[in-house]
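Work through the exercises below with the sequence and the model open. Try each task before reading its solution.

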Amino acid sequence: MATPLDLSHHLSTEARQRKHNPMKAIWKLTRRKPNMVSLANGDPHYSLYPIRRIEYEMASVAEDDPVATWRRDGPHAPSHKLVSSAHEPCALPIQTGMQYSHGAGLPDAQRVVTEITNFYHSPPDHICTLNLGNSDGITKCFRLLGEPGDHFIADEFSFSSMTNAPLSQGIKWVGVKMDDGGMIPEELERVLATWDPARGRRPHVLYLVPCGQNPTGSTLSLARRQQIYALAQRFDLMIIEDDPYYFLQYDAPACATTAPSTPFARSLLSLDTDGRVLRIDSFSKVFAPGMRLGWTTSSPLFHDALVAYTDSSTMHPHGFGQMLITELLAPHGWQLAGLDRWVRSLRAEYHRRRAFFLDLFAREVAPTALARAEPPEAGMFVWIRVEIERHPRFRADRRMQSRDPKGPRTNVAELMAELFERCLDGGLVIMPASIFALSADPKFDDMEDPVEDRVNYLRATFAGTEEAMEQGLTILGQVLREFFAEEQR
């Protein structure tokens, strides 16, 4: 087994100064031996919980294609019932599941997510820490690693809810150029190798969504993952691997479906021999987003820091979700094999939805020759490129007009803002690329090709209803025709 490097220098001042919650340290001692008598914690007695029994009616995974059966048959679909109870036999009784717990989560639930992680990723020396979903896990990692004045690295188009999160810590972002295959390793290397110390210390944190990246839908190849990990070793980067779409990886569009036997891509976690990857997983995309339960997988050092932070902030995740996953993977539940059958069936359903979206796009939008889209290999989003250069009011001489050598070369941003408003007027809400773009620093960054000149994209989802896809793409096609038919002002 590989021995992780000492990466404690990456911990923020806040993380290093944070002390473990002494009450939680004593709570762990109650498990030193069986039948310990505790007068320590202020837990309300379970006999006073107004909950005796919780029944979960889950989809049956006995079918060959359980997701299709569940969707098609609706209330008549076969189901699998599970129970959490204070009195009946179950894997995690209510009197345990609803008590105060430890920052890593209830041991039974922690074992469940560890089993899932080992099955799909086989990390060499890592520990799982439960959290309240991806956002909670990621923002805690930002706090563990970031100092005011730091720069973090991410894709030049990144999910704005996450990139907004550390700004109040005084952290800035450096966007790395992408292509259809995601972050370009050579561009990452250029950013790190040419870093100007006058800007501050060189970035030591890289935030990535490797599968079905939000918003672009791009997926990193294994070769790129290996290149990026090698660069992380060379330049001493920590990697936050945010992978909510991991289970939604698809075969090529020409295939009728995604075969159950199609392997999942290797994660960065599976490549991590140094302990420099903090991987965030979630049940949001495979069960339901309101479940708000996920987990962070990291080396023991960062696990310990996450637990210390959790025990003095949000505390452990809710007992309802932890009881559910424990019952679900118990011998009387789906078990791990059933979960694997569900996620492989789920991606086949999203493969079908992707095909439906792309067929509609080919019918309603592509004939305009004003926009095009590449099929995503994973995730829930299609990144639509608007051929904004064809608009009669497109200008590529902005710098000459403004005499600003580092400003935008074009008026792409203004035209796309107009197009977004036209979509709203037409009854369509769609995400403009501008809200995801990480702006460069003109004082230090190469401004030959600024991201503001490349925001001619729209993000659309195929996760919704077929009716919404059909209506939305019909509106988009019509709005594009009208917008590009304008006379030059």
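Five exercises follow, each with a worked solution.

This is a predicted model, in which local features need pLDDT of at least 70, side-chain atom pairs count only at pLDDT 80 or more, and totals for chains, interfaces and linings use all residues. Residues are numbered from 1 along each chain as its sequence is written, and side-chain values use heavy atoms, with hydrogens and water left out.

**Exercise 1. Determine the strand order of the four-stranded open sheet and find its edges.**

Step 1. Helices (H or I, at least four residues) and strands (E, at least two) are DSSP runs, numbered from the N terminus. Two strands pair if DSSP finds at least two bridges between them.

Step 2. Follow the pairs. β12 and β13 are antiparallel over three bridges, with Ala373 opposite Ile384 in β13. β13 and β15 are antiparallel over five bridges; here Trp383 faces Arg459 of β15. β14 pairs with β15 (residues 457-461) over two bridges, again antiparallel. In that pair Met431 stands opposite Arg459.

Step 3. Read off the order: β12-β13-β15-β14.

Step 4. Mark the edges. β12 (371-373) and β14 (431-432) each have a single partner strand, so one side of each lacks a neighbour in the sheet.

Step 5. Add the helix. α15 (residues 412-425) packs on the sheet and touches β13 (381-386), β14 and β15. Contact means heavy atoms within 4.5 Å. The direction of α15 makes about 35° with that of β15. Axes are lines fitted to C-alpha atoms, for helices over the stretch in contact; angles run from 0 to 180 degrees between N-to-C directions.

**Exercise 2. Why does β13 count as largely enclosed?**

Step 1. Set the cut-offs: buried is under 20% relative accessible area, exposed over 50%, partly exposed in between (1.4 Å probe, protein chains only).

Step 2. Count. Six of the six residues of β13 are buried, so the rest of the structure largely encloses this strand.

Step 3. Check both faces. Phe381, Trp383 and Arg385 are buried on one side, and Val382, Ile384 and Val386 on the other.

**Exercise 3. How many residues of α12 are buried, and what do they pack against?**

Step 1. α12 spans residues 319-328, and nine of its ten residues are buried. Among them are Gln322, Met323, Thr326 and Glu327.

Step 2. List the partners. The buried residues pack against β1, β2 (79-85), α4 (94-97), α5 (107-121), β3 (127-131) and α13 (335-364).

**Exercise 4. Locate the backbone exceptions: a cis peptide bond and two positive phi values outside glycine.**

Step 1. The cis bond joins Asn214 and Pro215, with omega about 25°. Pro215 sits in the loop between β8 (205-208) and α9 (222-235).

Step 2. Asn35 has phi near 60°. Its loop runs between α2 (22-29) and β1 (53-59). Asn35 counts as exposed because its relative accessibility is 76%.

Step 3. Arg292 has phi of about 45°. This residue lies in the loop between β10 (277-282) and β11 (294-298). At 32% relative accessibility, Arg292 is partly exposed.

**Exercise 5. Which residues line the largest cavity, and how do they divide by class?**

Step 1. On a 1 Å grid over the protein atoms alone, a cavity is a set of points where a 1.4 Å probe fits but cannot get out; lining residues have an atom within 4 Å of a point.

Step 2. The whole structure holds four cavities of 30 Å³ or more. The largest has a volume of about 40 Å³.

Step 3. Its lining is Ile116, Phe247, Ser282, Phe283, Val286, Trp295, Leu339 and Val343. That gives seven nonpolar, one polar and no charged residues.

Methods
1 Å grid on protein atoms, 1.4 Å probe; cavity = no way out; pocket = protein on both sides within 12 Å on 5 of 7 lines; lining within 4 Å. Points joined across faces, edges and corners; volume = space filled by probe spheres on them. Nonpolar A, V, L, I, M, F, W, Y, C, P; charged D, E, K, R; others polar.
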